[in-house]
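Colleague: I should like a close look at one helical part of this chain and its surroundings. Please take the burial of the helices as the main thread, and then place that part within the chain as a whole.

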Amino acid sequence: MKVIDWLLVLLLSASPVASAQSMRHDTLHTIVNFRKGYSVLDSDYMDNGTRLRRLSDRIAELRDDSIMTIERVCVRGAASPDGYTNRNLALSRKRARTIADYLSHNTPLPDSIFTVEAAGIDWAQLEAMVDTSSMPYREEVLEILRTVPQWVFEGNAIVDSRKRRLGMLHGGRPYNYMATHFFPAMRQACFITEVCMTERAVPATQPDTTSAAPALPSAPSRHDDAAPAPDRATSADAVPAAHPAAHPFHFALKTNMLYDAAAVPNIGLEIAIDRKWSLTANGMLAWWSRERSHYYYRFRGGEVEARRWWTCPRPGKGDGCLTGHHLGLYAQLFDYDIELGGTGRQSDGPCFGAGISYGYSLPVSRLFCIDFTVGIGWIGGQYRKYRPADGCYVWQSTVRHNWFGPTKAEISLVYKLGGKGGRR
């Protein structure tokens, strides 16, 4: 696994005049890697989680510093030479957008300062990797990378390409070596932040100095996967005054389609406490009856649940909040009256239940998910058995029940709402 350093270089210069302020611009830089063909953020892949946590903490420190502001953020996506060119360009754009969305929801940075760039295949990065390696046929690979254009034309027709030459070289052995050792590090999104630092003004009571102190030399920025800072011509407007940091806030409305199919209307609300925990409340009500045929079909009740999430969304679908695998603890309260032309059963007071659940919330778009959940637990209570006769309902017996087993089944349509609460 290729270890990628991220560095922050802060440059400060002294003020030549007592009340003047000086500024320097530099970058806060890190790289996030992706699996082959994917644009989903996987925090367990190639130490991504650690890098993003450090980056989020450093951004929070910068925003709390009274002499520094973040002027703009550029996220630059890239792909390896595997796959088609158009696909790689689209994939690199999706990777950049994934990281921009993640940071927009998990840091106090406003959306207005984010820009996204798609680099496609970063051939310069691949050349640098080969140049500093001891791979087989290194010199021949470097010659192709430096002399063969990405596309070779004859008239208006493409007759050759750099990728084809690399694939044909020595039966593909150098290409396979690069695919194993270099390509994983090229599937990335590079995060570059321009930081504006303002030196504190010298107090007016101090005597003026006749000469300015020399500016501190800038430390060299070294990282294995170089990515150029975006052109200053595309710089976003200055960042507004800093606001207090806030946790991302999400909530979702949902309905269990299994209950809907059984003519039991229901609705639920889920609130994300953070990216790992959420609270859910569901309610249902069905009050159908046709007295002449002694038909009763009545349910009412509710459920509360606490969930622990392990995010694992599909490529390009949403920002990962309230998606993926989850475990939960739930409690239920309900009553019922069911009689379909024969012996009826009516709950004698409320019934109670509790259990543990497992599920997976599958993102199908940025706003919608399908949540599959099953639960095992206990339901207790009692009900009265009765039979309709001559327009009356004759009590037969009262039965107490305790059920251990499956007590929850859910295929829910989830509509995600919310966003960066507390920052606007």
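Modeller: A residue is called buried when its relative accessible area is under 20%. By that criterion, Pro 174, Tyr 175 and Met 178 are buried in helix α6, which spans residues 173-181. Viewed down the axis of α6, these buried residues fall within an arc of 100°, and therefore they line one face of the helix. Such an arrangement has a general background: an α-helix has 3.6 residues a turn, so residues three or four places apart point the same way. The model examined here is a predicted one.

The cover over the buried residues of α6 includes helix α3, together with α4 (138-147), α5 (162-168) and α7 (183-186). Of these, α3 deserves a description of its own. Helix α3 comprises residues 123-131, and its buried residues are Trp 123, Gln 125, Leu 126, Met 129 and Val 130. Seen along the axis of α3, the buried residues lie within an arc of 155°, so they too line one face of their helix.

Asp 131 also belongs to α3. Its relative accessible area is 34%, and Asp 131 is therefore partly exposed. Leaving aside residues up to four places away in sequence, Asp 131 touches Arg 138, Leu 142 and Arg 146. The C-alpha atom of Asp 131 is separated by 9.2 Å from that of Val 141, which is ten residues apart from it along the chain.

A different part of the chain offers a view of the surface. There, a nonpolar patch has about 760 Å² of accessible area in total, and its members include Leu 253, Met 257, Phe 368 and Tyr 415. Strands β8 (266-272) and β15 (392-419) each supply at least two residues of this patch, and β8 gives the most, with three. Tyr 415 is placed in strand β15; because its relative accessibility is 30%, Tyr 415 counts as partly exposed.

As for the chain as a whole, it has eight helices and 15 strands. Of its 424 residues, 43% are buried. The accessible surface comes to about 22200 Å², with 58% of it belonging to carbon and sulfur atoms. Among contacts between residues at least 6 apart in sequence, 68% join residues at least 24 apart.

Methods
Residues are numbered from 1 along each chain as its sequence is written. This is a predicted model: local features need pLDDT of at least 70, side-chain atom pairs count only at pLDDT 80 or more; totals for chains, interfaces and linings use all residues. Side-chain values use heavy atoms; hydrogens and water are left out. Patches are made of residues with over 30% relative accessible area and no salt bridge: like charges are joined within 9 Å, nonpolar side chains (Val, Leu, Ile, Met, Phe, Trp, Tyr) within 5 Å. Accessible areas come from the Shrake-Rupley method with a 1.4 Å probe; for residues, only the protein chains shown count as cover. A salt bridge is a side-chain nitrogen of Lys or Arg within 4 Å of a carboxyl oxygen of Asp or Glu. Helices (H or I, at least four residues) and strands (E, at least two) are DSSP runs, numbered from the N terminus. Buried means under 20% relative accessible area, exposed over 50%, partly exposed in between (1.4 Å probe, protein chains only). Contact means heavy atoms within 4.5 Å. The arc is that of the directions from the helix axis to the C-beta atoms.
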